[in-house]
Amino acid sequence: MQTFTTVASLREFLATLSTGPGASSHSSVGFVPTMGNLHAGHATLVREALKHHTHTVVSVFVNPSQFAPGEDLATYPRTLPEDTALLQQLGVTALFAPTAEEIYPQGGPTKGTFVELDLPPCTDTLEARTRPQFFRGVATVVCKLLNIVQPHTAYFGQKDWQQLCVVRQLCRGLFLNVEIASVPIVRDSNGLALSSRNGYLSPEQRLTAAAIHSGLVKGRDIVNAGRDDPVTANAVFRAVLSEWEQEAPGAFRVDYLAVCCRDTLAPLEVIKGPCIILCAVYYAGVRLIDNELA
């Protein structure tokens with residue numbers, strides 16, 4: 001594995017994959033963008049890319065433009081040596097670990113060239129309500145990274161379902177020639193969705209936080225049981241919230257809990273077909289997101 005910190009050096013290397021000695025016209029590139037502090041969920045994305053492509057590129061970049069003032073940009077875990085060792089072990093072709101100045105050369109992450117998406121409800125609900133700057137930052141950095149790497153396929157986890165929808169809209173709207181592949185959520189044995197922010201929790205707190213998923217499963221079961229007799233979103237909400245209260249009374253502060261169309265994220269009042277239940281909750285001061293397909 002080779003590591004690159006500049007756009008120019010990575011592009012020069014990637015050019016050799018298709019034109020250099022031993023290059024094949026049938027070679028392909030898979031790409032996994034990350035913010036580092038890699039865990040088993042990231043490793044699953046990387047393995048999926050390795051399975052389907054001749055070469056796999058992984059980026060590690062904590063993107064400042066998607067953090068609002070007061071969020072955890074300064075304390076977000078940065079573990080590049082450990083990340084490098086894991087990616088080396090997995091057999092990745094190249095690691096791209098740029099600085100913020102390299103990715104935002106026109107005045108930093110608050111000035112310069114940005115991507116704006118106005119595609120309600122996908123871009124103005126759920127995460128966007130709590131973090132209004134978030135998807136502008138995500139869309140911008142994803143567009144930059146895809147333009148730099150120019151992969152055949154980019155891999156994203158389904159835990160960040162809204163982000164996945166936004167990235168697909170981004171590629172469709174800007175005619176970006178890349179396939180966006182999604183990979184199911186990877187969970188701890190107790191059901192907690194793997195996340196870099198889980199590192200803020202103690203082992204005991206992670207056990208309690210697993211109630212988030214058990215609540216979503218209860219909501220999913222309510223939906224699935226009502227296929228012949230559609231249920232309401234309120235029935236799902238009651239099931240989820242009652243499960244959280246039963247398993248950890250008063251432990252969770254809900255940011256949002258929603259039942260939506262899988263593709264558009266339009267909220268559903270009466271559920272008659274496939275949907276997704278999404279939530280963001282605070283537990284022990286940590287904001288955790290999760291979802292369950294139904």
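In this predicted model, the cover over the buried residues of helix α2 includes strands β2, β3 and β5, along with β6 and helix α3 (80-90). The buried residues themselves are Gly41, His42, Ala43, Leu45, Val46 and Ala49. As for the length of α2, its 13 residues should span 18 Å at 1.5 Å a residue, and the end C-alpha atoms turn out to be 19 Å apart, which agrees.

Now for the sheet behind this helix. Six strands make up an open sheet, lined up in the order β1-β4-β3-β2-β5-β6 with parallel pairing. The edges belong to β1 (2-4) and β6; each has a single partner strand, so one side of each is left without a neighbour in the sheet. From one strand to the next, the twist averages 25 degrees. At the β1 end, three bridges hold β1 and β4 (residues 94-96) together in the parallel sense, with Phe4 standing opposite Phe96 in β4. Helix α2 (residues 40-52) packs on this sheet and touches β2, β3 (55-60), β5 and β6, its direction making about 155 degrees with that of β5. Helix α6 (residues 134-149) packs on the sheet too, touching β2, β3, β4 and β5, and its direction makes about 150 degrees with that of β2.

Strand β5 (residues 153-157) deserves a look of its own. Four of its five residues are buried, so β5 is largely enclosed by the rest of the structure. Two bridges join β5 to β2 (residues 29-34), and these strands run parallel; here Phe31 has Ala154 in β5 as its bridge partner. The link between β5 and β6 (residues 179-183) is made by five bridges, again with the strands running parallel. Across that pairing, Phe156 stands opposite Ser182 in β6. To get from β5 to β6, the chain passes through helix α7 (residues 161-173), and this β-α-β crossover is right-handed.

Zooming in on a single residue, Thr34 sits in strand β2. Is Thr34 buried or exposed? With a relative accessible area of 8%, Thr34 falls under the 20% cut-off, so Thr34 counts as buried. The side chain of Thr34 also has polar company: one of its polar atoms lies 3.0 Å from the backbone nitrogen of Gly36, and the side chain reaches the backbone oxygen of Ser59 at 2.8 Å. Setting aside neighbours within four places in sequence, the residues in contact with Thr34 are His42, Val58, Ser59, Val60 and Phe61. One of these, His42, is also listed among the buried residues of α2.

Further along the chain there is another sheet. This open sheet has three strands in the order β8-β10-β11, and the pairing is antiparallel. Strands β8 (252-260) and β11 (286-293) stand at the edges with a single partner strand each, so one side of each is left without a neighbour in the sheet. Here the twist averages 15 degrees from one strand to the next. Eight bridges pair β8 with β10 (residues 276-283) in the antiparallel sense, and Val259 stands opposite Ile277 in β10. Helix α9 (residues 211-225) lies across β8, β10 and β11, running at about 25 degrees to β11.

Note on methods. Residues are numbered from 1 along each chain as its sequence is written. This is a predicted model: local features need pLDDT of at least 70, side-chain atom pairs count only at pLDDT 80 or more; totals for chains, interfaces and linings use all residues. Side-chain values use heavy atoms; hydrogens and water are left out. Buried means under 20% relative accessible area, exposed over 50%, partly exposed in between (1.4 Å probe, protein chains only). Two strands pair if DSSP finds at least two bridges between them. A crossover is right-handed if, with the strands pointing away from the viewer, the path from the first strand over the helix to the second runs clockwise. A polar contact is a pair of N or O atoms within 3.5 Å; within protein, one must be able to donate a hydrogen and the other to accept it, and residues adjacent in sequence count only if both atoms are side-chain atoms. Contact means heavy atoms within 4.5 Å. Axes are lines fitted to C-alpha atoms, for helices over the stretch in contact, and angles run from 0 to 180 degrees between N-to-C directions. The expected span of a helix is 1.5 Å times one less than its number of residues.
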